Amino acid sequence: GTPEGFYQVEMFGMMIPICILVVTIAIGTAALAGEEKRNTMGLLLSNPVRRSSVVVQKTWTMVLYAAIVGLAAFLGVAAGSLLGGLGMDMGNIAATCALATLLGLAFGALALALGAATGLTQIASYGAVGVAVVAFISNGFLPLNDSTAGWAKVSPFYYYLSSDPLFNGMHWGHAAILGGLFIVLVAAAILLFQRRDLRQTG
């Protein structure tokens with residue numbers, strides 16, 4: 001019955017996170033596994049560059065594009081609020097878009113890590129998408145039963161909207177968890193990429 005409630009269900013519930021997830025998972029998949037599929041990884045690594053630097057540079061590309069999509073979401077919702085005279089809090093809109101961006105980065109980093117471990121685009125993309133779907137469904141259904149409600153916290157989606165950021169603003173603890181998950185997965189991607197024999201998939 002409120003503009004915030006409408007946007008949280010209709011836009012931030014599925015549409016905006018899907019847009020960001022599509023971008024981040026696509027970039028995470030193409031970053032390493034995509035290079036190997038195109039047989040360009042050998043050419044890239046023939047330059048005087050460390051494998052860790054390659055992963056970090058690809059990650060920064062993912063962050064940039066995720067931020068662009070997050071900013072576009074903020075501008076769209078903010079413009080809708082202003083034009084419609086809805087009176088939504090701009091800080092709360094920004095907080096929700098930031099959490100959506102962090103959510104997308106976490107799953108993009110998962111695709112990156114899967115690609116680093118296997119060199120296969122199918123595993124990187126389908127694996128990240130599959131985990132995202134399971135996490136989304138779990139976050140929606142587990143809270144319906146008191147005995148399983150606590151397990152919803154395993155899903156990254158719980159740390160995206162469970163604090164009602166459009167009403168309450170940024171939940172810094174949830175942002176830190178999503179950001180930490182992103183950093184851990186990127187670190188795992190670096191470690192896995194450094195240890196893998198690329199000749200196995202080249």
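Phe-107 is buried in this predicted model. Its relative accessibility is 3%. The residue belongs to helix α4, which spans residues 90–118. Its ring pairs with that of Phe-157, and the geometry is tilted. The ring centres lie 5.7 Å apart, with 40 degrees between the planes. Phe-157 sits in the loop between α5 (121–141) and α6 (158–161). The two residues are 50 positions apart, and their pair links distant parts of the chain. Phe-157 also counts as buried, because its relative accessibility is 6% and the cut-off for burial is under 20%.

Phe-157 takes part in a second pair, with Phe-136. Here the ring centres are 5.4 Å apart. The planes stand at 75 degrees, so this pair is edge-to-face. It again links distant parts of the chain: Phe-136 lies in helix α5, 21 residues from Phe-157 in the loop between α5 and α6. Phe-136 is partly exposed, with a relative accessible area of 34%. Ring pairs thus join Phe-107, Phe-136 and Phe-157 into a cluster. The whole structure holds four aromatic pairs. A ring also meets a charge elsewhere in the chain: the charged end of Arg-51 sits over the ring of Phe-193, 5.5 Å from the ring centre.

Phe-136 also contributes to a nonpolar surface patch. The patch covers about 860 Å². Its members are Met-14, Ile-18, Val-22, Val-129, Val-133, Phe-136, Ile-137, Phe-141 and Leu-144. Helix α1 (3–37) and helix α5 each supply at least two of these residues. The greatest share comes from α5, with five residues. Ile-137 is a patch member and lies in helix α5. Its relative accessibility is 43%, so Ile-137 counts as partly exposed.

Charged side chains form three salt bridges in the structure. Glu-35 takes part in a bridge with Arg-38, at an N to O distance of 3.8 Å. Glu-35 is buried, with a relative accessible area of 10%. Arg-38 is partly exposed, at 47% relative accessibility. Glu-35 also bridges to Lys-58, with N and O 2.7 Å apart. This contact links distant parts of the chain: Lys-58 lies in helix α3 (residues 51–84) and Glu-35 in helix α1, 23 residues apart. Lys-58 is partly exposed, with a relative accessible area of 22%.

The remaining bridge joins Glu-36 to Arg-196. The closest N and O atoms are 2.3 Å apart. Glu-36 is in helix α1, whereas Arg-196 is in the segment after α8 (172–195). The partners are separated by 160 residues, and the pair links distant parts of the chain. Both residues are buried. Through shared partners, salt bridges connect Glu-35, Arg-38 and Lys-58 into one network.

Two residues other than glycine have positive phi values. Asn-39 has a phi of about 60 degrees. It lies in the loop between α1 and α2 (41–45). Asn-39 is exposed, because its relative accessible area of 58% is over the 50% cut-off. Asp-164 has a phi near 50 degrees. Its place is the loop between α6 and α7 (165–168). At 32% relative accessibility, Asp-164 counts as partly exposed.

These features sit within an all-helical chain: the secondary structure comes to eight helices and zero strands. From the N terminus on, the elements run α-α-α-α-α-α-α-α. The chain has 202 residues, and 43% of them count as buried. Its C-alpha atoms fill a box of roughly 60 × 40 × 25 Å along the principal axes. The radius of gyration is 18 Å. A compact globule with 202 residues would have a value near 17 Å, so the chain agrees with that expectation.

Methods:
Residues numbered from 1 in each chain as written. Predicted model: local features only at pLDDT ≥ 70, side-chain atom pairs only at ≥ 80, totals over all residues. Heavy atoms only, no water. Phe/Tyr/Trp six-rings, centres within 6.5 Å; stacked < 30°, edge-to-face > 60°. Helix = DSSP H or I, 4+ residues; strand = E, 2+ residues; numbered from the N terminus. Buried < 20%, exposed > 50% of the residue type's maximum accessible area, 1.4 Å probe, protein only. Lys NZ or Arg CZ within 6 Å of the ring centre and 35° of its normal. Patch = residues over 30% accessible without salt bridge, like charges linked within 9 Å, V, L, I, M, F, W, Y side chains within 5 Å. Areas by Shrake-Rupley, 256 points an atom, 1.4 Å probe, with all protein chains shown as cover. Salt bridge = Lys/Arg side-chain N within 4 Å of Asp/Glu carboxyl O. Rg over C-alpha atoms; globule rule 2.2 N^0.38 Å.
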